[in-house]
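User: I would like a close look at the charged side chains of this protein and at how they pair. Please also set them beside the nonpolar core.

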Amino acid sequence: MKQQKRDRRSQRTQRLVSAAFAEIMTEKSYEKILVQDILDRAGIGRTTFYAHYFDKEDVLNHIVEQELAMLTGHIAQAAQGQRIIPSLELFVHAYASANQQLRALICSSAGKPLLDALQAALCRMIEPTLSTLCTERRSPPIPLPVVSEYLAGAFLTLFKWWVTADMPYPPEQMDSIFQQLALPGVWAMLKEK
């Protein structure tokens, strides 16, 4: 993104472009979106667009950065509570915000960078948390990086399905489902002697 401006008009333009881009992503694949589509939907001129962005990929990167910052904020808050994975917080965030940008990204191939970065952030949180839960001074039977990748991947697969299916169950129920499916094996592994 070009040098970010903080005045109200620039922030308004960025909101309009982000919202327009997210709306269009629910209608078209990322590859078929044109800058002109964004301009038309946002109701702005070409000069205004190019004063803020280089191209549509720049818009996508800006949206991914915004969403990743919000989601990693939830991860950081959950890490302070020593939970293995902040599944409830992430389900609630997606559900409560009615976040069109997040939904559009997750349901699109353009969301892969967001999901990859989110998986890396989850793994960075999960592994140290698991390490503190290993009560004895011995190595767990399964390497913790493997367990971290498994949990992050399992969560994101379920999360993506839930968002793509238009959130058919409330966040609390999804958290319970995830906990029941993914964590019993992890707890058993941590208690193995």
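Analyst: What follows takes the salt bridges in turn and then moves to the core. The model is a predicted one, and the distances below should be read with that in mind.

By the rule applied here, the count comes to four salt bridges. Side chains of opposite charge can pair when their charged atoms come close.

One of these pairs joins Glu23 and Arg41, whose closest N and O atoms are 3.1 Å apart. This pair links distant parts of the chain, since Glu23 belongs to helix α1 and Arg41 to helix α2, with their positions 18 residues apart. Glu23 has a relative accessibility of 28% and therefore counts as partly exposed, and Arg41, with a relative accessible area of 36%, is likewise partly exposed. The pair also belongs to a wider arrangement, for Glu23, Glu27 and Arg41 are linked in a network of salt bridges.

A further salt bridge brings together the side chains of Asp37 and Lys28, at 2.8 Å from N to O. Here the acidic partner, Asp37, counts as buried because its relative accessibility is 18%, under the 20% cut-off for that class, whereas Lys28, at 33%, counts as partly exposed.

In helix α7 the side chains of Lys112 and Asp116 meet in a salt bridge, again described by an N to O distance of 2.8 Å. Both residues lie in that helix, four residues apart, which is about one turn of the helix. Asp116 is partly exposed, its relative accessible area being 40%.

Asp58 offers another acidic side chain to examine, this time through a contact with the backbone. Asp58 is placed in helix α4, which spans residues 56–80, and is buried, with a relative accessible area of 7%. A polar atom of the Asp58 side chain lies 2.9 Å from the backbone nitrogen of Phe54.

Turning to the nonpolar side, the largest core has 59 residues, and those with the most contacts inside it include Phe21, Phe49, Leu122 and Phe155. Among the elements that give two or more residues to this core are α1, α2, α4 and α7, while the largest share, ten residues, comes from α8. The core draws at least three residues from each of domain 1 (1–54) and domain 2 (58–191). For a view of one core residue, Leu122 touches Ile75, Ile85, Pro86, Leu90, Ala152, Phe155 and Leu156, leaving aside residues up to four places away in sequence.

Methods: Residues are numbered from 1 along each chain as its sequence is written. This is a predicted model: local features need pLDDT of at least 70, side-chain atom pairs count only at pLDDT 80 or more; totals for chains, interfaces and linings use all residues. Side-chain values use heavy atoms; hydrogens and water are left out. Buried means under 20% relative accessible area, exposed over 50%, partly exposed in between (1.4 Å probe, protein chains only). A polar contact is a pair of N or O atoms within 3.5 Å; within protein, one must be able to donate a hydrogen and the other to accept it, and residues adjacent in sequence count only if both atoms are side-chain atoms. A nonpolar core is a set of buried Ala, Val, Leu, Ile, Met, Phe, Trp, Tyr and Cys residues joined through side-chain atoms within 4.5 Å. Domain bounds come from an automatic or database domain assignment. Contact means heavy atoms within 4.5 Å.
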